[in-house]
Amino acid sequence: MCGRFTSSQRRETIAERFQISVPEDYSERFNLAPTQKALIVREREEEREALMARWGLLPHWAKDERISYKLINARTETLLEKPAFRSLVG
């Protein structure tokens, strides 16, 4: 099951650790797959916030969201050749 991960921290633990309020729709998940909503914590203007975001890579040039399904398993051998990753590698 490549491309999956676990988000097993309790809402209270996350809120305390990052000093934020956690969205009501967050729940512990043990098999998160690409394209599903996952909790992220980001800092904007020196303030942290938590929100649910779609997990995956969707290039700005993509005309269809389904392309993100193909971008889950990037190969190091072809990373610099693929348009989706080329600009991300410096």
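Three salt bridges are present in this structure. The model is predicted. The tour visits each pair in turn.

**Stop one: Arg10 and Glu12**

Select Arg10 and Glu12. These two residues form a salt bridge. Display the distance between the closest N and O atoms: 3.5 Å. That contact counts because the cut-off for a salt bridge is 4 Å. Now colour by accessibility. Arg10 is partly exposed, at 46% relative accessibility. Its partner Glu12 is partly exposed too, with a relative accessible area of 47%. Neither residue is called exposed, because that label needs over 50%.

**Stop two: Arg42 and Glu49**

Move on to Arg42 and Glu49. Here the side chains meet in a salt bridge, 2.7 Å from N to O. How exposed is Arg42? Arg42 has a relative accessible area of 32%, so it is partly exposed. Glu49 comes out at 29%, which is also partly exposed. Neither residue is buried, because buried means under 20%.

**Stop three: Asp64 and Arg66**

Finish with Asp64 and Arg66. Show both side chains. They meet in a salt bridge, with an N to O distance of 2.6 Å. Which label does each partner carry, exposed or partly exposed? Asp64 has 34% relative accessibility and counts as partly exposed. Arg66 has 56% and counts as exposed. The label for Arg66 follows because exposed starts over 50%.

**Keep on screen**

Save one selection for the three salt bridges. Label the distances: 3.5 Å for Arg10 with Glu12, 2.7 Å for Arg42 with Glu49, and 2.6 Å for Asp64 with Arg66.

Key
Residues are numbered from 1 along each chain as its sequence is written. This is a predicted model: local features need pLDDT of at least 70, side-chain atom pairs count only at pLDDT 80 or more; totals for chains, interfaces and linings use all residues. Side-chain values use heavy atoms; hydrogens and water are left out. Buried means under 20% relative accessible area, exposed over 50%, partly exposed in between (1.4 Å probe, protein chains only).
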